[in-house]
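Reader: I should like to learn how the features of a protein model are read. May we work through some of them together?

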Amino acid sequence: LVTAFAARYREEAVRVGNQTVADMLAWIPANAPRTLLEALQFLRLLHYAMWCNGNYHNTLGRIDQFLYPYYRHDVDAGLLTKDEALEQLEEFFISCNRDSDLYIGIQQGDNGQTIVLGGSNADGSDAYNELSELCLLASRDLCLIDPKVNLRVHKNTPLSVYELATTLTKKGLGFPQYTNDEIVVPALLHWGYDRADAYNYTLAACWEILVPGYMDLVNWDSLNFLKSVQDACEQLPKCETYEAFAALVQKNIAAQAETLMAGTKNVYKEPSPLVSLMCPDCLEQMRDISAPGKYNNYGFHGDGLATAADSMAAIRKYVYDEKTFTPAQMLDMLHADFKGYEREQNMLRYEGPKFGNDDDFVDSIAVQLLDWYADALEGKKNDRGGCFRAGTASAMYYIWHSKEAPASPDGRSAHEALPCNYSPSLFARCEGPISIIKSFAKPHLTRVANGGPLTIELSDTMFRNDDAIRKCAMFVKSYMDLGGHQMQINAVNRERLLDAQKHPENYRNLIVRVWGWSGYFVELNEVYQNHIIKRTEMIL
């Protein structure tokens with residue numbers, strides 16, 4: 001069917017006089033590509049055919065690895081120069097933006113068209129190559145939302161790679177998103193993946209970790225950290241100590257996790273012969289991708305972490321340590337949504353301990369919350385024999401869960417927005433980006449590496465010169481060196497975003513990072529626009 005599909009395009013190429021495309025489609029996909037151009041055409045055709053077959057969110061993966069032999073062959077044979085290869089990549093990237101409306105029912109940009117570059121090989125060598133660099137340059141030159149770029153880094157990734165990647169951030173693309181091999185590979189090995197597969201990992205449409213060729217469901221549901229804390233607050237007057245209250249939170253997290261796991265039973269997967277052809281164990285065992293395979297692991301997100309940690313820290317400090325409020329008084333304020341308690345709310349919001357200030361008082365609570373989450377899933381198996389993987393992402397749940405969340409002890413009002421992904425509270429007065437990365441690197445992130453980046457907004461004024469670019473690159477590298485797992489950065493300007501809401505016709509090409517994908521700001525739903533505006537701009 002794919003061959004017949006390609007034949008129809010070949011007929012059109014002949015009709016319009018495009019002999020280059022016609023000749024390529026006379027060879028592929030019936031035959032293996034021979035050049036970089038044929039490989040790119042093959043990849044685009046195959047990816048589009050998968051969409052037409054109803055298989056969405058099949059990412060493009062590590063294109064700098066599987067396309068590199070074609071690039072190397074063409075360059076070494078004198079068939080292609082580096083500049084010509086860049087032009088071919090740019091044409092391919094442009095094609096990713098022409099038919100993305102095929103994936104209906106989403107915000108434009110959230111369409112699974114992501115690429116993964118670089119990383120480390122199993123022998124410790126660096127997988128970053130000339131094609132990796134060309135992909136970064138093509139993305140920077142075009143300034144389009146597709147494909148989204150993910151950059152795998154490790155302890156030996158040179159600063160120059162971070163610097164080149166930062167020039168994309170400067171353009172306001174919201175990517176690349178960085179993922180740390182030093183955290184992810186050990187996590188995958190712990191979850192039972194073979195060594196070769198662990199080092200060959202790629203990323204899903206946003207940031208969830210995937211192994212090519214195997215069907216893991218990594219975006220199943222999300223554990224609501226704040227709900228676990230708020231449910232425990234209802235029992236606050238019965239808790240004589242902070243430890244008793246914390247034990248209730250731990251119990252609630254475990255109960256939520258059990259509910260999430262139970263919700264994965266008897267999952268139905270749509271059969272897909274086309275996708276099955278690209279899965280090694282499907283071909284070896286002559287089975288469809290819908291049947292249980294080699295790994296069968298499921299992944300969960302975890303949203304509202306900072307709000308939950310800040311709330312527990314507030315209770316520990318103001319209720320049990322300093323006894324500013326009795327447990328009953330704290331509960332009364334929450335039930336009143338702080339109406340009549342505005343002074344107390346202001347204190348909780350702006351004077352209370354906040355995750356992101358390199359303060360062990362609250363950071364240790366965040367560490368504990370994530371450990372409890374990982375503990376609740378550890379050793380559990382789903383009905384296909386796979387494990388459950390915890391993550392620090394929010395996906396769209398940071399919007400959904402905030403709508404039903406009452407007031408919280410950190411001073412947040414009922415229904416007020418939760419932070420996106422793995423990031424500080426929206427009203428947290430953090431000392432700066434450096435304190436944030438120190439705080440957010442403290443948890444045992446190998447235990448919650450399903451995906452979920454530290455998400456930071458930096459003022460676009462800080463990218464003014466080469467020194468500033470280097471400074472930002474060192475900032476990202478520092479987080480990875482500290483043990484961070486993933487990071488994404490928005491270069492934002494609050495005034496420009498506000499003006500774009502009033503005059504969208506003047507900002508058609510304004511790109512922002514939403515949660516795990518980049519989109520055109522003026523095409524986003526207002527709730528997402530407002531959330532991005534509320535995020536804190538910071539300066540290094």
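Author: The turns below take up helices, aromatic pairs, backbone angles and the surface. Please keep in mind that this is a predicted model.

Reader: Let us begin with helices. How many residues does helix 8 have, and what distance does helix 8 reach from its first C-alpha to its last?

Author: The general idea is to compare the span with the expected rise of 1.5 Å a residue. Helix 8 comprises residues 159-170, which makes 12 residues. From first to last C-alpha, helix 8 reaches 16 Å, close to the 16 Å expected.

Reader: How many of the residues of helix 8 are buried?

Author: A residue counts as buried when its relative accessible area is under 20%. By that criterion nine of the 12 residues in helix 8 are buried, and the helix is mostly covered. Among them are Leu159, Val161, Tyr162, Leu164 and Ala165. The cover over the buried residues of helix 8 includes helix 7 (130-142), strand 2 (148-153) and strand 3 (177-180). It also includes helix 21 (466-482) and strand 10 (486-492).

Reader: May I see a single residue of this helix? Which residues is threonine 167 in contact with, leaving aside its neighbours within four places in sequence?

Author: Threonine 167 is placed in helix 8. It counts as buried because its relative accessibility is 17%, and the cut-off for buried is under 20%. With neighbours within four places in sequence left aside, threonine 167 is in contact with Arg140 and Ile469.

Reader: How does helix 15 compare with its expected span?

Author: The same reasoning applies. Helix 15 has 17 residues, which should span 24 Å at 1.5 Å a residue; its end C-alpha atoms are 22 Å apart, and this agrees. Helix 15 is mostly covered, with 14 of its 17 residues buried.

Reader: Is lysine 317 buried or partly exposed?

Author: Lysine 317, which lies in helix 15 (residues 305-321), is partly exposed, with a relative accessible area of 23%. Not counting residues up to four places away in sequence, lysine 317 touches Glu322, Lys323, Glu351, Pro353 and Phe361. The C-alpha atoms of lysine 317 and glycine 386 are separated by 41 Å, and these two residues are 69 apart along the chain.

Reader: Let us turn to aromatic rings. How is a pair of aromatic rings described?

Author: One gives the distance of the centres and the angle of the planes. In the whole structure, a search finds 22 aromatic pairs. One of the pairs is formed by phenylalanine 355 and phenylalanine 440, at 4.0 Å centre to centre with 25 degrees between the planes, and it is stacked. Planes under 30 degrees apart count as stacked.

Reader: Which parts does the pair of phenylalanine 355 and phenylalanine 440 tie together?

Author: Phenylalanine 355 lies in the loop between helix 17 (342-350) and helix 18 (360-377), while phenylalanine 440 lies in helix 20 (residues 433-440), so the pair ties together parts that are 85 residues apart in sequence. Both phenylalanine 355 and phenylalanine 440 are buried. Elsewhere, ring pairs link Trp220, Tyr298, Phe300 and Phe388 into a cluster.

Reader: I turn now to the backbone. Which residues are joined by a cis peptide bond with omega of about -10 degrees?

Author: For a peptide bond one reads omega. A cis bond joins aspartate 146 and proline 147, with omega about -10 degrees, and proline 147 is placed in the loop between helix 7 and strand 2. The bond from phenylalanine 175 to proline 176 is also cis, with omega near 15 degrees. Proline 176 lies in the loop between helix 8 and strand 3.

Reader: What is phi of aspartate 358?

Author: It is near 55 degrees, a positive value in a residue other than glycine. Aspartate 358 lies in the loop between helix 17 and helix 18 and is partly exposed, with a relative accessible area of 35%. Alanine 395 has phi near 45 degrees, again a positive value in a residue other than glycine. Alanine 395 is found in the loop between strand 8 (388-390) and helix 19 (397-403), and is buried at 2% relative accessible area. Positive phi also appears after two of the helices discussed: glycine 172, near 85 degrees, follows helix 8, and lysine 323, near 55 degrees, follows helix 15.

Reader: Finally, which residues make the nonpolar surface patch?

Author: Leu277, Met278 and Leu283 make a nonpolar surface patch of about 280 Å². Leucine 283 is placed in helix 14 (residues 280-285) and is partly exposed, with a relative accessible area of 46%.

Terms used: Residues are numbered from 1 along each chain as its sequence is written. This is a predicted model: local features need pLDDT of at least 70, side-chain atom pairs count only at pLDDT 80 or more; totals for chains, interfaces and linings use all residues. Side-chain values use heavy atoms; hydrogens and water are left out. Patches are made of residues with over 30% relative accessible area and no salt bridge: like charges are joined within 9 Å, nonpolar side chains (Val, Leu, Ile, Met, Phe, Trp, Tyr) within 5 Å. Accessible areas come from the Shrake-Rupley method with a 1.4 Å probe; for residues, only the protein chains shown count as cover. A salt bridge is a side-chain nitrogen of Lys or Arg within 4 Å of a carboxyl oxygen of Asp or Glu. Helices (H or I, at least four residues) and strands (E, at least two) are DSSP runs, numbered from the N terminus. Buried means under 20% relative accessible area, exposed over 50%, partly exposed in between (1.4 Å probe, protein chains only). The expected span of a helix is 1.5 Å times one less than its number of residues. Contact means heavy atoms within 4.5 Å. Rings of Phe, Tyr and Trp (its six-membered ring) pair if their centres lie within 6.5 Å; planes under 30 degrees apart count as stacked, over 60 as edge-to-face and the rest as tilted.
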